[in-house]
Amino acid sequence: MTLPKLLRTLPLAAALGLPGAAFAADTTQAERLHRFNELKFGMFIHWGPYSLASVEASWPIMRPAPGGISEPDYRALRERFNPVKFEPREWIRLAREAGQRYLVFTSKHHDGFCMFDSAYTDYKITRTPYGKDIVAMLAEAAKQEGMPLGFYYSPPDMNHPAFRDTTKPASVNWAGEPARPEWPLYLDYMELQVRELLTRYGDVFAVWFDGLGNQEKYDGYRFHRMIHDLQPMALINNRIGLTGDFLTPEQRLPRGIPTKGAKVGNTDPNDHGLAAAAPAPDQFQPWETCMTINGTWAYNRNDLRFKSTRELIRALIDAASRGGNFLLNVGPTPEGTIQPEFQERLRGIGAWLKVNGEAIYGTTYGPFQDLSYGRTTRKGGTVYLHLYDLPAGEIEIAGFPGKVKHVRALAGGGPVSFTERQGTLRIAAGGLPADANATVLAIETR
């Protein structure tokens, strides 16, 4: 093994105190995670030429379905991609109406198509009829609107001949071929592209990798070092072989609160290291779930499986009640607009957050994780009780932490009567302003 290769094995480098190990003692992580927690709710955007065919991003060529689009036809979609109605500021303003406080955009999915003007490939947005750098346009609009912007970047790349033998169908070798001598060239290509994203488009909120299986083959230490060097405040997720700043369950919520060392699979619910009750703050592992509004990440005109506004609001509450963030996806149309069904639900969530946002933004997991009628979040000395089912009489909570000073309903802000005896809190439920999504009470302690 050569010395440069040896130095890339960071556990050894860190143990020896060698150069390049300094990121392990990352002094900005607490600041990054504080910002992440304050924002709490973001918009995920999956968009590319695949929207023309109403198919999912990349997977139709990786796992072809009978009667589905062929790989040559999929790759030819870029020749027709011309989203002339794309207005990035409209997307950002819709996100603001929804109460979303950051964006994560797919700069490159597994198919290898770049939505930015990379200098290292011709398979990109500036070689389409549209011809403009989508990422540059979105980044400029985000800067003007004060919206934090992160980039999804896929380490797998079906288009690059050093990632896999591209003379074969992608379905044969889509996991990559790290044993081939070309593999180091692919990692260099990855580094060049991630460096472009980190240096061309302003402040980067997060780098959201999606490494699929055997993520260690991407040499995550190398990329963590570069990101921390170029964008110290950029968060990094856990999909490049390292834990990173936050875990990323997908289309689901973990069954408990993730703690340090937890294993939370992307889609596999067989999680480990979850706490059933509120852990000590220094044991908590930050996390974020990503979820779709219907059943697909990319635009699909045939997918009418829309979650209701109430389902989405409660998913946001459920995530916050376990200390997590909620990254809700939209798949824009081929023209560059966001379909009405998505807009309706996003604005419905935003209307609820205008009244109840203090119970979500900047909160952490609640002290009660087993309530049958709702969820709790916490911020400082205030516990927020999110009531899914409003009882007719009293709400009784045994073992309430701290001495209660007063209780108020966020809708209207009026005081709510309560009694507290021997550690049991009783709140009068009669007359509370019922909300079909969730009625929220702020319980302030002394």
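## Pocket, cavities and a buried loop residue

The lining of the largest pocket in this predicted model is made up of 10 nonpolar, seven polar and two charged residues. That pocket has a volume of about 380 Å³, and among the 19 residues that line it, those closest to its centre are N37, P281, F284, T364 and Y365. Two elements, the helix α3 (29-39) and the strand β10 (364-365), each supply at least two residues of this lining, and the largest share, five residues, comes from α3.

Enclosed spaces are a separate matter from the open pocket. Counting those of 30 Å³ or more, the model holds two cavities. The table sets out their volumes and the classes of the residues around them.

| Cavity | Volume | Lining by class |
|---|---|---|
| Largest cavity | about 40 Å³ | six nonpolar, no polar, two charged |
| Second largest cavity | about 40 Å³ | five nonpolar, three polar, one charged |

The residues that line the largest cavity are P49, Y50, Y74, L77, R78, D111, F113 and Y123. Around the second largest cavity stand W47, G48, P49, Y50, T106, H109, D111, F113 and M115. Reading the two linings together, P49, Y50, D111 and F113 appear in both of them. In the largest cavity the two charged residues of the lining are R78 and D111, while D111 is also the one charged residue in the lining of the second largest cavity.

A single residue, I338, can be followed in further detail. I338 lies in the loop between the strand β9 (325-330) and the helix α12 (340-356). Is this loop residue buried or exposed? With a relative accessible area of 5%, I338 counts as buried, because that value falls under the 20% limit used for the term. Leaving aside residues up to four places away in sequence, I338 touches W91, L94, V330 and Q343. Of these partners, V330 belongs to the range of β9 and Q343 to the range of α12, so that I338 has a contact in each of the two elements that its loop joins. The C-alpha atoms of I338 and F86 are separated by 9.4 Å, although the two residues are 252 residues apart along the chain.

Terms used: Residues numbered from 1 in each chain as written. Predicted model: local features only at pLDDT ≥ 70, side-chain atom pairs only at ≥ 80, totals over all residues. Heavy atoms only, no water. 1 Å grid on protein atoms, 1.4 Å probe; cavity = no way out; pocket = protein on both sides within 12 Å on 5 of 7 lines; lining within 4 Å. Points joined across faces, edges and corners; volume = space filled by probe spheres on them. Helix = DSSP H or I, 4+ residues; strand = E, 2+ residues; numbered from the N terminus. Buried < 20%, exposed > 50% of the residue type's maximum accessible area, 1.4 Å probe, protein only. Contact = heavy atoms within 4.5 Å.
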